[in-house]
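Notebook, salt bridges first, then one helix pair. I wanted to know which charged side chains meet and how open they are to solvent.

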Amino acid sequence: MILERKRNLLLATLVENPETVISIHTLARGDCNVYMSGDRRPGSVAVLQPKELPSEPTGFGSDANALWQELSRVKGWQCILVDKEVAPPLGEIISTQLKTPVVFLDDVYHIPRRQVLPFEDERVCRLTLDDLPLLDTLPSEAQPIGFWGDLQTSLTKGFAAGAVVEGKVVATSFVAARGQRYVDVGVHVLANYRRRGLATAVASLVARSAQSDGLIPVWSCGSHNLPSLKLARKLGFMEVSKRTYVIIEKYLADVSGRTYPVHNERDTEAIE
């Protein structure tokens, strides 16, 4: 009951934008833990830990000391995503408290300047429940689940597209999280099928479908991921904001190369 109250308090105070759509999605579904003291008031802080990605909590608020107090109660975290301004003081506190170095990585958010460009490919189509047997054969990191909990929910409440080559799904793009105005777009291509234009085609179909439903697709990726940034520009997305990961240094490789579905666009290998 207390956790549900905290989730509802945080949900009520968050303004939906490209940076918050994933958090709003997980809060609305109840698929997260929330750490906050008292009521969510202006100037207070909160830490949200999604159950689908517990190692990457998100912090809200500008008080670095208060954020650390909440973060210190979170189990299994490797980094925290916060506003750029609070990242340096929070990083200093984390480094001092844990006696370990930290590093910083910007997360860059993009939305389309206009209608997303079409990149049609006869191998690409919308995925439905009929495709579950094919999708079940994919490795877990390649399955288009995002923050929906399971494939069936992702396919019925979200939207997913796939490229089918030689009888198997080799590339996927999908709505990883959905709010009232925005959707977060994920993409994954199996290593042996990259550089064939498949990421472009599947992501274009998903983003254009979102726009057809009156929603704004969001493309987010680490600032180090040049292939993903290039693909965003190719589709017609533009950068609108940034947040910053404060990462415990020994986990940098894990975080920057995460193969979790919603973050596959961080993969430093070319995905086109």
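I started with the linked charges. E19, D83 and R243 are joined in a network of salt bridges. The model is a predicted one, and I noted that before going on. I then took the total: the count comes to seven salt bridges.

**Entry: D106 and K84.** Which parts of the chain does this pair link? I checked the contact before the location. The side chains of D106 and K84 form a salt bridge, 3.3 Å from N to O. The pair connects distant parts of the chain, 22 residues apart. D106 sits in strand β5, residues 102–112. K84 lies in the loop between β4 (79–82) and α4 (87–98). I looked up accessibility next. D106 has a relative accessible area of 18%. The cut-off for buried is under 20%, so D106 is buried. K84 comes out at 35% and is therefore partly exposed.

**Entry: R73 and E70.** I found a salt bridge between these side chains at 2.4 Å, N to O. Is E70 buried or exposed? I read 5% relative accessibility for E70, so E70 counts as buried. R73 is partly exposed, with a relative accessible area of 42%.

**Entry: R29 and D31.** Here I read an N to O distance of 2.9 Å for the salt bridge between the side chains. D31 is buried because its relative accessible area is 18%, under the 20% limit. R29 has a relative accessible area of 31%, so I put R29 down as partly exposed.

**Entry: α1 and α2.** I left the salt bridges and turned to a helix pair. Helix α1 covers residues 2–13, and helix α2 covers residues 21–29. I looked up the axes: they come within 9 Å. They cross at roughly 145 degrees. The crossing of α1 past α2 is left-handed. Which residues meet there? From α1 I listed R7, L10 and L11. From α2 I listed I24, L27 and A28. I sorted the contact residues by class: five are nonpolar, one is charged and none is polar. By the class rule Arg counts as charged, so R7 is the charged residue of this contact.

**Recap.** I have three salt-bridge pairs on the page with distances: R29 with D31 at 2.9 Å, R73 with E70 at 2.4 Å, and D106 with K84 at 3.3 Å. I also noted their acids as buried: D31, E70 and D106. I wrote down their basic partners as partly exposed: R29, R73 and K84.

Definitions and conventions: Residues are numbered from 1 along each chain as its sequence is written. This is a predicted model: local features need pLDDT of at least 70, side-chain atom pairs count only at pLDDT 80 or more; totals for chains, interfaces and linings use all residues. Side-chain values use heavy atoms; hydrogens and water are left out. Axes are lines fitted to C-alpha atoms, for helices over the stretch in contact, and angles run from 0 to 180 degrees between N-to-C directions. Helices (H or I, at least four residues) and strands (E, at least two) are DSSP runs, numbered from the N terminus. A crossing is left-handed if the near helix is turned anticlockwise from the far one by less than a right angle, and right-handed if clockwise. Contact means heavy atoms within 4.5 Å. A salt bridge is a side-chain nitrogen of Lys or Arg within 4 Å of a carboxyl oxygen of Asp or Glu. Buried means under 20% relative accessible area, exposed over 50%, partly exposed in between (1.4 Å probe, protein chains only).
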